[in-house]
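Here is a quick tour for someone meeting this structure for the first time. Take a look, and then we'll go through it bit by bit.

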Amino acid sequence: MSQSTMQHPSGHGMRGYSRDMPYFTAMFVICIYAAAALAAPTGSRQITLDDPLNPYPTKPRITFRGDGTFKITVFADLHYGENPWDAWGPEQDVNSTILMKLVLAEEQPDYVVLNGDLITGENTFKQNSTRLIDEIVAPLNEVRIPFSSTHGNHDNEPNITHLEEIRREQLVAPLSYTRTAPPGIGGEEGPGTYWVPVYEHETDVVPALILWFFDSRGGYSPGKNSTPVPDWVDESVAGWIEQQTTLMDAAWGPADTTRGALAFVHIPPHAIQAMQPGLNSTRDPGLNADLLGQGSTQATTDPSNIGKDQPFYDALTKYVKNLHAVVSGHDHGDEWCVREPTKNIIFCFSKHSGYGGYSDAGWGHGIRNIVFSSPSPTDGLESWIRMEDGETHARVILDADYN
Ligand SMILES: *[C@@H]1O[C@H](CO)[C@@H](O)[C@H](O)[C@H]1NC(C)=O
Ligand SMILES: *[C@@H]1O[C@H](CO)[C@@H](O)[C@H](O)[C@H]1NC(C)=O
Ligand SMILES: *[C@@H]1O[C@H](CO)[C@@H](O)[C@H](O)[C@H]1NC(C)=O
Ligand SMILES: *[C@@H]1O[C@H](CO)[C@@H](O)[C@H](O)[C@H]1NC(C)=O
């Protein structure tokens, strides 16, 4: 337990302090005033009160680097836990862990996103399925990089749920920023909807960037009489986005001028499916080998469900300002970004990272990097795919000029 100021020595962009209970919150504030009074004329650092909306008062604040950049590395579709009864299953996970360790050491991100399908839940056992979370977060714990997760259709199965994965991650990963939505938000088996503030400086009251995470559900309900779970972001999330952005505007001022945003959701919004036939491999580079709408895709198994994520998509694109991109996983053979014209927002696939999960010749394994060049809410981002062996491709600048 630590209530003290916590400085991170390695420049990972993680600065701040940790407080564990309201009593200490009060003590901490009193101490700040005392310290400010004592530090007086030589103290150059502006000390401010905490952001009143900060959902993480006990965790280090996530900040841009001193040079104004901020780097996110996205691991998607890790698919741990396949066929534990065969040698190749556990071997895949050993390989995925090797990949994670290598990438983390070489990329040195400020934040990591695990973009869904962490686990192949249909192969797991009731009594120990969340132990796979321990394996997945071990490389992140080791290098002390803050991170959070979205969850996918394979994370909801008879022996595992999104909620169980989230609770386990919160228990075993001190730098997990994954949260659950308030009761009533997210729909059946879709609790993993939340946002994470990123500050320019550790003492800022107003964040410069909000990372949004949405639960696109899917898979199967837990237990013996398991039934399919809807595979799109529930309509209740639309009202929650409006409510949260209203609170943010009241506390921090208008979003247009103060903060940027980036969103992560495992299954692509339905509107993205219509973009695939018009892709241009020069303008929208990256592997395009996986046809959207096949297999477990949102709302396509039952035509009457098509477009049921429209309330979510409408609210996201209406209320979240300076939304740089929406980033999904799910389709292992796709890496491209595209501008979706009905809402004029950029969408990007992540990159299949895990040795588990379906694949095909030449797809390989890698990650997506996303680098903010500055904390300015309207500056563009640079993003590219990095393969396990270090090869990079599909580099794009995600800004107003992008396609
Ligand atoms: C693990 O990685 C090695 C080296 O890339 C590869 O040869 C092997 O087939 C992989 N094993 C599995 C089970 O994926
Ligand atoms: C779930 O776990 C139970 C108990 O470990 C096991 O018998 C069963 O095969 C597992 N898988 C499914 C799909 O129920
Ligand atoms: C869970 O238990 C099963 C059955 O004993 C075993 O094969 C599997 O390796 C265990 N998985 C984990 C992640 O501990
Ligand atoms: C594809 O995009 C490139 C670069 O923007 C452009 O020069 C080319 O004309 C486009 N091709 C087609 C078929 O639209």
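## Ligand 4

Let's start with N280: an N or O atom in its side chain is 2.3 Å from an oxygen atom of ligand 4. That is a polar contact, meaning a pair of N or O atoms within 3.5 Å. Around ligand 4 you'll find N280, T282 and R283, each counted because one of its heavy atoms lies within 4 Å of the ligand. On its own, ligand 4 has 360 Å² of accessible area, and the protein covers 26% of that; such areas come from the Shrake-Rupley method with a 1.4 Å probe.

## Before going on

This is a predicted model, so local features need pLDDT of at least 70 and side-chain atom pairs pLDDT 80 or more, while totals for chains, interfaces and linings use all residues. Residues are numbered from 1 along each chain as written, chains are lettered from A and ligands numbered from 1 in the order written, and side-chain values use heavy atoms, leaving out hydrogens and water.

## Ligands 2 and 1

Ligand 2 sits among T124, F125, K126, Q127 and N159. Its oxygen atoms have several polar partners: a polar side-chain atom of N159 at 2.4 Å, an N or O atom in the side chain of Q127 at 2.7 Å, and a polar backbone atom of K126 at 3.0 Å. The protein covers 47% of the 350 Å² of accessible area that ligand 2 has on its own.

As for ligand 1, its neighbours are W88, E91, Q92, N95 and Y355. Here the protein covers 43% of the 360 Å² that ligand 1 has accessible on its own.

## An aromatic pair

The structure holds 16 aromatic pairs, that is, Phe, Tyr or Trp rings (for Trp, the six-membered one) with centres within 6.5 Å; planes under 30 degrees apart are stacked, over 60 edge-to-face, and the rest tilted. One of them joins W195 and W252 edge-to-face, at 5.8 Å centre to centre and 90° between the planes. W195 belongs to strand 7 (residues 194–199) and W252 to helix 5, so the pair ties together parts 57 residues apart in sequence. Helices (H or I, at least four residues) and strands (E, at least two) are DSSP runs numbered from the N terminus.

## Ligand surroundings by class

The shell around ligand 2 has one nonpolar, three polar and one charged residues, while the shell around ligand 1 has two nonpolar, two polar and one charged. Ala, Val, Leu, Ile, Met, Phe, Trp, Tyr, Cys and Pro count as nonpolar, Asp, Glu, Lys and Arg as charged, and the others, Gly among them, as polar.

Definitions and conventions. Polar contact = N/O pair within 3.5 Å; in protein donor to acceptor, adjacent residues only side chain to side chain.
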